[in-house]
Amino acid sequence: MKEKKLKITGMSCASCANRIEKVVKKIDGVEDANVNFATETLNVKFNDSKISDETITNAVKKAGYGILKNLKTLNFKIKGMSCASCANRLEKIIKKLDGVNDAVVNFATEQLNVTLDENTISYNDIKNAVEKAGFKIINEISSTNTSMDNNKNKEIKSLWHRFLFSFIFTLPLLIVSMGHMIGMPLPKIIDPMINPINFALIQLILTIPVLIVGYKFYIIGIKNLFTFSPNMDSLIALGTLAAFLYSLFGISKIYEGHIEFAMHLYFESAATILTLITLGKYFEAVSKGKTSEAIKHLMGLAPKTANIIRDNKEFSIPIEQVIVGDIIIVKPGEKLPVDGEVIEGATSIDESMLTGESIPVEKIIGSKVIGASINKTGFIKYKATKVGKDTALSQIIKLVEDAQSSKAPIAKLADVISSYFVPTVIILAIISAISWKFAGESNAFVLTIFISVLVIACPCALGLATPTAIMVGTGKGAENGILIKSGEALENAYKINTVIFDKTGTVTEGKPKVTDIIVDDISEDEILTLAASGEKGSEHPLGDAIVKFANEKNLSLKNVDKFLAIPGYGIEVIIEDKNILLGNKKLMKDNHLDMILFEEASNKLANEGKTPMYVAIDGTIKGIIAVADTVKPSSKTAVEKLHTMGIKVAMITGDNTKTANAIGKQVGIDMVLADVLPEDKANEVKKLQSKGRKVAMVGDGINDAPALAQADIGIAIGSGTDVAIEVADIVLMKSDLMEVPTAIKLSKATIKNVKENLFWAFGYNVLGIPIAMGVLHIFGGPLLNPMIAAAAMSLSSVSVLLNALRLKRFKA
């Protein structure tokens, strides 16, 4: 099964998005498809053994829409071609690569010119294909980019030019057609009382250019009418064509001598509607661009070039050409191009743009470094370990993009309504026009009703209400170091009423230290040596603390003959023919060992918030090694903040009850779940859910993954394991628990914004359409002018976008 994300062009409203979704879902081999109108993205999951990317692309194009590729043209110098056949063979190989739009190899100049889709294929893929064919890329000569941003900017410029062109003709048209109503004199040559034919013809001449520049409304709108999938363009096309054709009929009547028709021309309505709608589309495109500024900001963090050493030579290359294993040089003040590991030098690095931590992090040989972070003080060399789409920054960008293009459940109602919306509006327009005709109204009155109903209806506002708020919300989260993986996660987070924190590494620092050693009939150094030797093979943080303490005391560790980890209990090892058990009280009880001698000491240590670890040698408990983990400074504040939000807080740990209670009391936890085995953490989450609680689980380790998956919202600490981050719905880049209430607050603010947008979108249509149908006129009120209807329709979409942009002011 393959997942693909495609950028769609040509959508004018939510009805278009629904149509594409239906068309793609009908393809045999497609498992799921969803189209996000705000981000203009199609996410499709399909069986690539049944269908290809091209099948989906062709289906979208057949439906009348386009696929926008993030195209880049690269020009390389190739080494190793001996004849024209080599050039032909290389050209064929490159053309076959998924994501390559075109490739030309020139044998005479030894150049490869390739146009590729950056979303699908990278420089490294091209390089690998060239080398696999037996040739070598020496260097990149040039590159040109025709990215999506360029296309978006072109679209915004095009809309503005279309509006200006339309306005130049519409303004004099309004003066000619309506100026006399407000006392503006017209020259006799076009005065309707003196020269009605000229009065009509000048309006026709001024209207035709506006219709021509707005041709896309007619091409798309009428085509969709014939395919029984009308959209917003269809409403505009029907309304303006009705006004234009009726006005042409009026001109023919004036020619026949019925000069009263000069007062019943609707050319200005057709032109003004198109001009106002174009202006609305311009504002919509600009506002949409602002909703995705967070992504642009993230993309701008990485430097464009990297200084590398290859073959003992130092030179600068574009960041796309850095490969795993390259040695990169970074001077003070420079940005790191990709992720890697320091091999020479020491420095402090500012990682705040990714983690939000303002204090620079010290780096020495062996330290991991992140691309896009800033080298503050020293000169370093480091080896690239992750490049291109694998870097931390690229993964973050992908997470945010995926979240912004996903659909929240709250959007489903708007989707269902918008799929039936346009056909319903057309039917209502026809019914209301016929009804008024039967009521004895004139053709001009009936036409006004028909056009107003078509033009005032706005499926765009419905389609934009949810995704725009989700886009701004997830972008704002990314700015605050909170990565929300989907619209669904953002929507569900605000319902949370119980938060469970894992203890080690989440509430506490996860860096425990040995505090006490209590022994019986054995020296402290000897029991520590045996314990540390056993824990050498363990990955548990408590075991790691014992090993570090032994190393600090310069103790020589012994060889382990047998090692057995018992998750949730401890370890069993054989050292120098001695059977050693090291672990918690449960491990001692299961092995029926007498703990009376150490009971009092164990309880005292536990009450102090320390974790007592028993050491038994050949069936007899010989001592206790106590380990304590310091509580994170932000834990208590975060719990207090959650309490003010009305959220219950629990802490889950495999530690003993007394130690857990001591830490819980220190932080202000409501509910302590102690002595929980790793595999039972998910069950504890289930128990709370069965009581009707909406649960968020916050953790950082592999053993937290099942609980993170089980919870309504899984929140992983960014410093945690890859497994935890993979399973979680929300990732906190800082190891600061204050981000948990911030994430929930952001969710509440976003969903409130979505509901405001939906209320406005539904309310506008529910009120606007009946007014356009003439309901007010029945009770002696005014009749809605089609031009005012067009202005209101444009305003509705823009107002929804502007309301979504208010989320940018969100503060934690």
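## Around helix H24

Strand S19 (498–502), strand S26 (648–652), strand S27 (671–673), strand S28 (695–699) and helix H25 (705–710) are among the elements that cover the buried residues of H24. Keep in mind that this is a predicted model. Which residues of H24, spanning 681–690, are buried? They are Lys-681, Ala-682, Glu-684, Val-685, Leu-688 and Gln-689. These residues take up an arc of only 160° around the axis, so they sit on the same side of H24.

Just past this helix comes Gly-692, which follows H24 and has a positive phi, near 85°.

## H22 against H27

Next, a helix pair. Helix H22 (residues 633–644) and helix H27 (residues 739–772) have axes that come within 8 Å and cross at roughly 30°. Angles under 35 degrees count as roughly parallel, and H22 and H27 are therefore roughly parallel to each other.

Who touches whom here? From H22 it's Ala-638, Lys-641 and Leu-642, and on the H27 side they meet Val-740, Pro-741, Ile-744 and Lys-745. Sort the residues of this contact by type and you get five nonpolar, two charged and no polar.

## Transmembrane annotations

The unreviewed UniProt entry lists "transmembrane region" for residues 163–182, 194–215, 235–255, 261–280, 420–439, 445–466, 758–780 and 786–805. How do a couple of these look in the model? Residues 420–439 come out as 95% helix and 0% strand, with 28 Å between the end C-alpha atoms. For residues 758–780, the chain is 83% helix and 0% strand, and the end C-alpha atoms lie 31 Å apart.

## Thr-207, tucked into H6

Is Thr-207 buried or exposed? This residue belongs to helix H6 (residues 196–213), and its relative accessibility is 0%; anything under 20% counts as buried, so Thr-207 is buried. Setting aside neighbours within four places in sequence, Thr-207 is in contact with Leu-173, Phe-244, Phe-267 and Ala-271.

## Gly-440, out in a loop

Where does Gly-440 lie? Look in the loop between helix H13 (411–438) and helix H14 (443–456). Gly-440 has a relative accessible area of 60%, and the cut-off for exposed is over 50%, so this glycine counts as exposed.

One last distance to try in the viewer: Gly-440 and Asp-561 are 121 residues apart along the chain, and their C-alpha atoms are separated by 102 Å.

Notes. Residues are numbered from 1 along each chain as its sequence is written. This is a predicted model: local features need pLDDT of at least 70, side-chain atom pairs count only at pLDDT 80 or more; totals for chains, interfaces and linings use all residues. Side-chain values use heavy atoms; hydrogens and water are left out. Axes are lines fitted to C-alpha atoms, for helices over the stretch in contact, and angles run from 0 to 180 degrees between N-to-C directions. Helices (H or I, at least four residues) and strands (E, at least two) are DSSP runs, numbered from the N terminus. Angles under 35 degrees count as roughly parallel, over 145 as roughly antiparallel, 65 to 115 as roughly perpendicular and the rest as oblique. Contact means heavy atoms within 4.5 Å. Ala, Val, Leu, Ile, Met, Phe, Trp, Tyr, Cys and Pro count as nonpolar, Asp, Glu, Lys and Arg as charged, and the others, Gly among them, as polar. UniProt positions are given in the numbering used here, feature names are shortened, and annotations may be inferred rather than shown by experiment. Buried means under 20% relative accessible area, exposed over 50%, partly exposed in between (1.4 Å probe, protein chains only). The arc is that of the directions from the helix axis to the C-beta atoms.
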